[in-house]
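Trainee: I have a model open and would like to learn how to read its features. Where do we begin?

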Amino acid sequence: MKLAKVSTSHIKAVTGTTFVATLSSLLFGYATAVIAGVVGAIDHNFIAPRGLSNTAADALLGLTVCSALVGTVIGAVIARPMAFLLGRKRPMILAAILFVVSAVGSAYPELGLAPIGHMGPDAIWPFNFYRMLGGIAVGVASMIAPLYVGEFAPSAVRGQLGAYQQIAITGGMTIAYFVNWGIALQGDDVWVLDTGWRWMMLSLAIPAMAFFYLSFSVPDSPSWLVKKGRIDQATKQLRRSAEAAEVESMLSELAAEHPDEKPAPLFTFGRRVVFCGIALCVFQQVVGINTVLYYGPRIFETMGYHMDAAFLGTLVACVVNLMSTMIVVLVVDKVGRKPLLIFGGVLMGVAMLLLGSLFHSQNTGPLALAAICLFLAGFAVSFGPIVWIMLTEIYPAPIKGQAMSLAVTAQWIANLLVSGTFPLLLGNDLLNREWHHGFAFWVYGSCGLLAAFVVLSYVPETRGVDSEQLVALWRREDVAAQKFQAVRP
């Protein structure tokens, strides 16, 4: 399908808005990845003094690392009604405030409860509370940012601009790992466990305050203006970012999201469209991406790396992730979404199976680092950015808000389950006697291959598909599914 050309001036206009919106994605990446540098300190300060069994200690560690993910589920649930009532801009400002509060509170969880450093292992509970607040901000940002960008972006460059979100997420993670590594170099291991971890958590406040300031400079979203009946303003904004021929189509699509203020039934266009979005989001997590991003230093320490080297190894892997994500911007609107998802799923599956085999053979080293980098490169060119792009493209306008909210909620639940159980799988004595830490990676590798198969079999290509074509596509799919059910014995 031939895509309409977009002028340079229109691209510049929408890119400026996209830049500010995707700063929330940078915070998303930073807030979720900064915990990787603090896992050892959490164990040292909050868990080891309790004298728990290995299984109980691993479970509490997983719960603490994933406390932010509990908040992300809440944030994803409340993001849609917030976007409906307040538009896109105001929830982003509220998310920025929550990011700042989370950064300060998780760095100094004793604030208001006890002198700094004198609360002992009980500080784990306010630490988890403040991390959960940050998770709510992440959940809101993960829902609002792609919606906001998708409303401004013309279809010809929507994939490219949508890929900026994943670049921002990966960039935020890379910055967090770099900051963690830099802070770790300021003292020895004891200093990092006692003091350095607080600096790591507090560092989130700097980009959060920048995002808070810049959020006031972006315009209200066209969807919000249409909802309020301010059609002329919405039209003026869209003309800055799209050709005149496409503006009317975009306005019609936005208007369809607010018919009489009542959303269409979720399954108006059949079940397949809803479950395709959910499947993409769940597979994005069960391939094991956040076990590497959250527990990277611990994985490298299991491979025999010292603390400083473990931080550096994680940073190197994340730089590969970032560079691979940048490649997607150049090809996503040329190659399409589906081929990249299939290629990435196979690459991730092979890399994780290789990593598990290296652990099983107790032959980790440079080859294991290469396997991790290969896995992250596969994720970066496929399920990392493409899922977020497809969430803005795959749903017809009447169900987009509720279907997207459901998919993002499923994503964070899957993230919580995978990330929360990883310490149990990595540290389980029974599994390690048989597979030497390799079992979990084999599970994730199998999920990567399964993800590629599901995309190949059930997910349509959405590159260059406008709103009318999208509605026709899913209605055809629904009719075909009904006919199949009717002829089945």
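Mentor: We take salt bridges, then a pocket, then two residues of one helix. This is a predicted model, so local features need pLDDT of at least 70 and side-chain atom pairs count only at pLDDT 80 or more, while totals for chains, interfaces and linings use all residues. Residues are numbered from 1 along each chain as its sequence is written, and side-chain values use heavy atoms, with hydrogens and water left out.

Trainee: How many salt bridges does a search of the whole structure find?

Mentor: The definition comes before the count. A salt bridge is a side-chain nitrogen of Lys or Arg within 4 Å of a carboxyl oxygen of Asp or Glu. The search finds four. One of them joins the side chains of R50 and D122, at 3.9 Å from N to O.

Trainee: Which parts of the chain does the pair of R50 and D122 tie together?

Mentor: Helices here are DSSP runs (H or I, at least four residues), numbered from the N terminus. R50 sits in the loop between helix 2 (39-47) and helix 3 (54-65), and D122 in the loop between helix 5 (89-107) and helix 6 (124-152), so the pair ties together parts 72 residues apart in sequence.

Trainee: Are R50 and D122 buried or exposed?

Mentor: Use relative accessible area: buried is under 20%, exposed is over 50%, and partly exposed is in between (1.4 Å probe, protein chains only). R50 has 29% and counts as partly exposed. D122, at 42%, is partly exposed too.

Trainee: What does D58 meet in a salt bridge?

Mentor: D58 meets R298, side chain to side chain, at 3.6 Å from N to O. This pair links distant parts of the chain: D58 is in helix 3 and R298 in helix 14 (residues 289-302), 240 residues apart. D58 is buried at 11%, whereas R298 is partly exposed at 23%.

Trainee: How far apart are the closest N and O atoms of E393 and R337?

Mentor: They are 2.4 Å apart, in another salt bridge. E393 belongs to helix 18 (residues 385-393) and R337 to helix 16 (residues 337-360), 56 residues away in sequence. Both E393 and R337 are buried.

Trainee: On to empty space. How much lies in the largest pocket?

Mentor: Rolling a probe the size of a water molecule over the atoms shows where empty space is left. On a 1 Å grid over the protein atoms alone, a pocket is an open set of points where a 1.4 Å probe fits, with protein on both sides within 12 Å along at least five of seven lines; lining residues have an atom within 4 Å of a point. Here the largest pocket holds about 380 Å³. Of its 21 lining residues, V39, G40, D43, R298 and E301 are the closest to the centre.

Trainee: Which helix gives the most to the lining of the largest pocket?

Mentor: Helix 2 does, with five residues. Helices that each supply at least two include helix 8 (189-202) and helix 15 (307-335).

Trainee: Where is T72, and what does T72 touch?

Mentor: T72 is in helix 4 (residues 67-86). Contact means heavy atoms within 4.5 Å. Not counting residues up to four places away in sequence, T72 touches G135, I136, V138, G139 and W412. T72 is buried at 1%. Its side chain reaches the backbone oxygen of L69 at 2.5 Å.

Trainee: And which residues is S67 in contact with?

Mentor: S67 also lies in helix 4. Leaving aside neighbours within four places in sequence, S67 contacts N128, R131 and M132. S67 is buried, with a relative accessible area of 7%.

Notes
Points joined across faces, edges and corners; volume = space filled by probe spheres on them. Polar contact = N/O pair within 3.5 Å; in protein donor to acceptor, adjacent residues only side chain to side chain.
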